[in-house]
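Biologist: I should like to learn how the features of a model such as this one are read. May we take them one at a time?

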Amino acid sequence: DAASAPTPAYMIGSYDVHDEAGFQKYIEAASPIVAQYGGRVIVYNPGAKPIVEGEPRSVIAVAEFPSLADAQRYYNSPEYTAARKFFTDSTEGWRLITE
């Protein structure tokens, strides 16, 4: 029933890409891993407009996972840890995981 279903969790990021080739390596490495942990990218919007408040980075991205535990398993997995280096080397910004 709905009361016992886990609460979905989201990995949300806002970042600027300063190395397109490196970022493409990240996308190629990370994309298959998201599904492996039950996730799916629900928002990926480079150049998101209109900005209604504040100054976000140029890319907004949201991946949804079935639960916080699934999102954390994804983020801390050996496969994603290897892919994440491409992300950190090619972008500047922030990401968080939350329910």
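Biologist: In which helix does A35 lie, and is A35 buried or exposed?

Modeller: This is a predicted model, and A35 belongs to its helix α1. A residue counts as exposed when its relative accessible area is over 50%. A35 has 55%, so A35 is exposed.

Biologist: How far apart are A35 and K85 in sequence and in space?

Modeller: Along the chain, 50 residues separate A35 and K85, and their C-alpha atoms lie 19 Å from each other.

Biologist: Where is L68 found, and how does L68 count by relative accessibility?

Modeller: L68 is part of helix α2, which covers residues 68-76. The class between buried and exposed runs from 20% to 50%. L68 has a relative accessibility of 26%, so L68 is classed as partly exposed.

Biologist: Which residues does L68 touch, not counting those up to four places away in sequence?

Modeller: With those neighbours in sequence set aside, L68 is in contact with T7, A9, I97 and E99. Sequence separation and spatial distance are to be read side by side. L68 and P8 are 60 residues apart along the chain, while 6.7 Å separates their C-alpha atoms.

Biologist: How is the order of the strands in the sheet to be read?

Modeller: The order lists the strands as they lie side by side in the sheet. Here four strands form an open sheet in the order β2-β3-β1-β4, and the pairing is antiparallel. Because β2 and β4 (91-98) stand at the edges with a single partner strand each, one side of each has no neighbour in the sheet. On average, and with direction ignored, neighbouring strands are turned by 10 degrees against each other.

Biologist: How many bridges join β1 to β3, and which residue of β3 does A9 stand opposite?

Modeller: Seven bridges link the antiparallel strands β1 and β3. A9 faces F65 of β3, and G13 is placed opposite A61 in the β3 strand. On the β2 side, β3 pairs with β2 through six bridges, again in the antiparallel sense. V43 stands opposite V62 of β3 in that region. Six of the seven residues of β3 are buried, so β3 is mostly covered.

Biologist: Which strands does α1 touch where α1 packs on the sheet?

Modeller: Helix α1 touches β1, β2, β3 and β4, and its direction makes about 170 degrees with that of β1. A further helix, α3 (residues 78-90), lies across β1 and β4 and runs at about 135 degrees to β4.

Biologist: How is empty space in a model located, and how much space lies in the largest pocket?

Modeller: A probe the size of a water molecule is rolled over the atoms, and this reveals where space remains empty. In this structure, the largest pocket holds about 280 Å³ of space. Its lining comprises 18 residues, and Y15, Y26, I27, V41 and A61 are those nearest its centre.

Biologist: Which elements supply the lining of the largest pocket, and what is its chemical character?

Modeller: At least two lining residues come from each of β1 (9-17), α1 (20-36), β2 (40-46) and β3 (59-65). Helix α1 contributes the most, with five residues. By class, the lining has 15 nonpolar residues, two polar and one charged.

Methods:
Residues are numbered from 1 along each chain as its sequence is written. This is a predicted model: local features need pLDDT of at least 70, side-chain atom pairs count only at pLDDT 80 or more; totals for chains, interfaces and linings use all residues. Side-chain values use heavy atoms; hydrogens and water are left out. On a 1 Å grid over the protein atoms alone, a cavity is a set of points where a 1.4 Å probe fits but cannot get out, and a pocket is an open set with protein on both sides within 12 Å along at least five of seven lines; lining residues have an atom within 4 Å of a point. Grid points are joined across faces, edges and corners, and a volume is the space filled by probe spheres set on the points. Ala, Val, Leu, Ile, Met, Phe, Trp, Tyr, Cys and Pro count as nonpolar, Asp, Glu, Lys and Arg as charged, and the others, Gly among them, as polar. Two strands pair if DSSP finds at least two bridges between them. Axes are lines fitted to C-alpha atoms, for helices over the stretch in contact, and angles run from 0 to 180 degrees between N-to-C directions. Contact means heavy atoms within 4.5 Å. Buried means under 20% relative accessible area, exposed over 50%, partly exposed in between (1.4 Å probe, protein chains only).
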